[in-house]
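Biologist: Please take a close look at how the helices pack in this model, and then follow that packing outwards to the surroundings. I would like the cut-off behind each term as you go.

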Amino acid sequence: MNILFVLLIPFLSALIILLASYKLSQSLAILSSAVSVVVIGIMLALFGQDTTAISSIDLPWIASMGVHFHIGADGMSLLMILICNVVALISMYVSLGDQIHNPKQYFALILFMQTFMNGVFVAQDLFLYYIFWELALIPAYFLLLIWGKGEKLRPATIKFFLFTLLGSLLMLIAIVWLGNAGTTSDYSLSAITGLEIDAETQLMIFGAFMIAYGIKTPIFPFHSWQADTYTFAPAPVTILLSAVMSKMALYSIIRFVLPVVPDAVAEYGIYFMYAAAFGVLYASIIALTQNDFKRMLAYVSMAHVGLIFAGILTYSQAGLSGSMVQMVAHAINSAGLFFIANLLFKIKNTHDIQAFGGLRQYMPVFAGLYMVTMFGSIGVPMTNGFIGEFMILTSLYQYDVIVALLAGSGVILGAVYMLRSYKTIMLGPDQNTVQTDIIGTDKYLLYSIAFVILFTGIFPAWIGQLCETSIQNILQPYLQK
Amino acid sequence: MSSDILHNLPVVALLLPLIGFLGYLWYGRWLSEKQAGTLASSWVVVSFILSVVLFFEVLSTGTAVQIHLFDWINTGKFQVPFALQVDQLSVIMMLLITGVGSLIHIYSIGYMHGDAGFNRFFSYLNLFIFFMLVLVMANNYVLMFAGWEGVGLCSYLLIGFWYKNHDYNAAANKAFIMNRIGDLCLLFGLFMIFSQFGSFVYADINLQISNNVAINTTVITGITLLLFAGATGKSAQLPLYTWLPDAMAGPTPVSALIHAATMVTAGIYLIIRSNILFALAPFTNDIIMIVGLTTAIFAGLIAFKQNDIKKVLAYSTVSQLGLMFFALGLGAYGAAFFHLLTHAFFKALLFLGAGSVIHGLNGEQDIRNMGGLKRYMKSTHIVFLIGVLAIIALPPFAGFFSKDNILTAAFIKSPLLWVMALISGLLTVFYMLRLYFVVFQGKERMDSKVASHIHESPMVMLLPLFVLAILSVFGGLMNIPELFHGTKWLENFITPIVSMSDVHLDHSTEWMLLGFSLVAILVVGYIAYHKYVRSSIVPESEIQTDQMPLGRLLKDKFYVDELYNAIIVKPIFSISKMVMSFFEEKVIHQITNGSGQLTLFLSGAIRKTQNGFISYYLFAMALGVLGILTIFIILS
């Protein structure tokens, strides 16, 4: 099966939606995302039997620059695509109950975003990768600006756009340098990982990449765009941003930084680890007293991705496998939590947790599923949040105790802010606000999320196995030294 | 027995309670109280029967049953099997968990009768049994930790079971969070174990140590200190004990099962399980001894002045757990384990007895509003008295043998420690007799309205009490010391897991110590009798003494909660607000607003592109992308 499908399906669907009647947009979008998920499921099954089953494409593209349209997928790419498309499907479902104005454009934009994010995960040519990376930002920008809500929406959106764009410019310079470092101009990943780069240049390239990724993930202190953006964006877009777009950066570090500039990672990675790990503590502390549920979740997300960021930079097998497991977990949990925020918003038209209370009495199913998602986020064993966190913290401990302690603070604080908000929203005396429990698609979607949380918590080993070869390849340059 | 069946037994025993929980999720709504209660109890009873079979299997073969279910995680060197191990230590724990668990399930059918959340309650209890079994049946630290956190989760659910009450919810959160503090330490202990041994599996670690692989003793001390720090959270020791008294917010059977008999002993289990590591860390053992003894005395003192029947028992549990840790610190693992078991019997009995009282008095928990209950609740009175006699270590009750074991071990180490341990025991004598006298003897102080409705509990509640009473009387038989011509069966049974030093006192010394402590118990007992029965002092009239600084200090629990609030909780929340309002909004945003100035400038330009015709714009983008792709492909 050709990997091109993961780009073609959402892209063509977006075009069809733009041409079709607006009444059909939502159904078409969901159909398209469902097809994507099925196709990736088939790809994973084929890949599981034969790792060469997914054929790649390598066409010469901009000949003068040596740029190829080269896409392909290994286990790690497939996993990321799986995350991306499952989350896209969730995000489409989350939009179901909302009255969306201009649904045509809205769903088309989400599908474009999905296409370009998939592109990031399959690009085997750095220049192509960069194009996808930047293209993914454009639909996000419009989705935010047009469908977002909030007083300071416009400045926040522009900040988000410019901040991430400017961060990437440095990366572009580094990519162009890398593409021309060899005897001939070649941007292919295999050529670039084979380069012998001197220590000083490695540092420059490392810095350029890492600032871009630090902003996109985001980690401390590059996070100032995040809280506003996540808060103001419509729930489905927040889900895409936190669950997938942040993973673009994390994936990119594994794919394009570790094997390309291994010496710089070994030498200077620790500074970014400190920043990311400090960010875990920092974001968790801020989350403690947030009363805006969505804003709190934004900081929770920052704490969780900070942990993964640090784990990746250990450049160790446990750290990388743990990061893969944790990326899957964070994608699902964060999608689930922002979905819950959206369900709550529909009840009281606010994200202020103090406005709620005693909901559990009327909404036992919602309360139960919220609780499972919450414990997934806290990282209780046998939910998906545990094994990845455990592996990452173990590898951080072996790397540097202080980093592990900073990142480990989330273990305690995570319980504090999650339980606090749950207690405020769900528990307590009856507030005489009779509510009906969640029903229909909301209910089944949240059930599915809870199921995945428990399933991947008990059986996470397949994630490590799927990515085993990819991780071995990534570790190769490091082990050679 | 064929090995195939044997292979499946532990799995079945483990999964039955989980099936009970999942079953509730599926059809719980449609079950009547009776069905739900019977069903939930049956899962655990069957699990108990299977545990008995396993026990005899382990007894006869003397080897552990190992079951590898699947790999939880396996990448490179990082291997965590999802594997069970039923050996001498875990099989006894299984008997305790499922045995006492069954009794408490049955008791709850009566106790929770009429509660709106009846079925939900039983599902949580089932889930708890499952996680507790995971904790003791795991063959490695990570899976053990899963059970460890899982029981904490159930504890959270059950403390906050009546979720409409703010205080109960706060108590539930407090329990979970304080446990998490311990758990973080425990996690770091596991990281150190992995760094040192490259494995989490008990057997691998033990093998490496017994093969004398070069081991850094500083590292071992670090590991053991962290494991112990984890244990102080779960087993409510100083400084992390304050959640346990608050945990009494949960229904009383929960206090009996989770916060007395099983979960809170997980810390003891952890250390016994890791005894090979602890044997190499004398420094840690001293710390454990000091913390245990201090907690035992500290909590015993607080129990003096508590007037809530459950709070007295809660502090008593903290104190008794302290005594167990004290024994662990002495290296007397057998004595600690023995006391763990007998304590489970009589403390479960006491809690369930207290539950019976609360049930009979329609929810009253303040002992000042009780008194003379022996006339109303004859059966409850007798079993409660047995529980009291067992906990104050009167011969020949179960507590006598287990405490005597600990005292002997203390004397071998140092007579001073013996005195301290004895003092903690005498504190127990006093506050337990105070509780008993004030509740069951003396004048009746109930409202006449309450008094007219006092009733003995139904048979379904009394039956478990009788069984526990029998165990509290005869439980000592499992480890009769040589002094009484016994063979210390229990200690011998767990020898394959726990190697113990074999130091003995000569018999005359032992008799002397015994006699001395017995006299002391009787004297203290008489003082309590004199004060609360003869002079019939009611705690209410102790107000004068409460004006004394010490009395107040005890009554207000040494102000530990207030202290933690002032130095930890409040500062963290203030810091949170400060970080947000100052650092996040002023510093970070100011820095990035360098780009903010740029933003203002550029936004003017960008705004022009938003003309509302987003459709056209989108098309342009899509076509643009397609166009660029095709042009480049053609050109190249």
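**Helix packing and its surroundings**

Modeller: In chain A, α4(A) and α6(A) are roughly antiparallel to each other, a term for angles over 145 degrees (under 35 is roughly parallel, 65 to 115 roughly perpendicular, and the rest oblique). This is a predicted model, in which local features need pLDDT of at least 70 and side-chain atom pairs count only at pLDDT 80 or more, while totals for chains, interfaces and linings use all residues. Residues are numbered from 1 along each chain as its sequence is written, with chains lettered from A and ligands numbered from 1 in the order in which they are written.

Helix α4 covers residues 103–122 of chain A and helix α6 residues 137–147 of chain A, and their axes come within 9 Å and cross at roughly 150°. Helices here are DSSP runs (H or I, at least four residues; strands are E, at least two), numbered from the N terminus. The axes are lines fitted to C-alpha atoms, for helices over the stretch in contact, with angles from 0 to 180 degrees between N-to-C directions. The crossing of α4(A) and α6(A) is left-handed (the near helix is turned anticlockwise from the far one by less than a right angle; clockwise would be right-handed). On the α4(A) side, the contact is built from Y106(A), L109(A), I110(A), F112(A) and M113(A), and α6(A) supplies P139(A), A140(A), F142(A), L143(A) and W147(A); contact means C-beta atoms, placed from the backbone, within 7 Å. Sorted by class, this contact of α4(A) with α6(A) holds ten nonpolar residues, no polar and no charged ones (Ala, Val, Leu, Ile, Met, Phe, Trp, Tyr, Cys and Pro are nonpolar, Asp, Glu, Lys and Arg charged, and the others, Gly among them, polar).

Chain B offers another pair, in which the axes of helix α4 (residues 118–137) of chain B and helix α5 (residues 141–159) of chain B come within 7 Å and cross at roughly 160°. That angle makes α4(B) roughly antiparallel to α5(B), and their crossing is left-handed. From α4(B), Y124(B), L127(B), F128(B), F131(B), M132(B), V134(B) and L135(B) take part, meeting L143(B), M144(B), A146(B), G147(B), W148(B), G150(B), V151(B), C154(B), L157(B) and L158(B) of α5(B). The residues of the contact of α4(B) with α5(B) comprise 15 nonpolar, two polar and no charged.

Stepping back to the whole of chain B, there are 27 helices and two strands, and 53% of the 636 residues in chain B are buried (buried means 20 or more other C-beta atoms within 10 Å, exposed 12 or fewer, and partly exposed in between, with C-beta atoms placed from the backbone). Among contacts in chain B between residues at least 6 apart in sequence, 81% link residues at least 24 apart.

The largest nonpolar core contains 428 residues, of which I83(A), V87(A), F209(A), A327(B), A336(B) and A348(B) touch the most other members. Helix α6 (residues 166–197) of chain B gives this core its largest share, 18 residues. Such a core is a set of buried Ala, Val, Leu, Ile, Met, Phe, Trp, Tyr and Cys residues joined through C-beta atoms within 7 Å. If neighbours within four places in sequence are set aside, A348(B) is in contact with V100(B), I104(B), A256(B), A260(B), A261(B) and L468(B).

Where the chains meet, 61 residues come from chain A and 58 residues from chain B. Helix α17 (residues 401–426) of chain A contributes the most to the side of chain A that touches chain B, namely eight residues, and that side consists of 43 nonpolar, twelve polar and six charged residues.

The loops between helices also deserve a look. The peptide bond from F220(A) to P221(A) is cis, with omega near -5°, and P221(A) sits in the loop between α9 (199–216) and α10 (226–232) of chain A. In chain B, L238(B) and P239(B) are likewise joined by a cis peptide bond, with omega about 0°, and P239(B) lies in the loop between α8 (217–234) and α9 (243–246) of chain B. M382(A), although not a glycine, has a positive phi of about 75°; its place is the loop between α15 and α16 (384–399) of chain A, and M382(A) counts as buried because it has 22 C-beta neighbours inside 10 Å. A393(B), also not a glycine, has a positive phi of about 70° and belongs to the loop between α16 (378–391) and α17 (398–413) of chain B, where its 25 C-beta neighbours inside 10 Å make A393(B) buried. Q361(A), in the loop between α14 (317–348) and α15 (364–378) of chain A, counts as partly exposed because it has 19 C-beta neighbours inside 10 Å.

Note on methods: Two residues are in contact if their C-beta atoms, placed from the backbone, lie within 7 Å.
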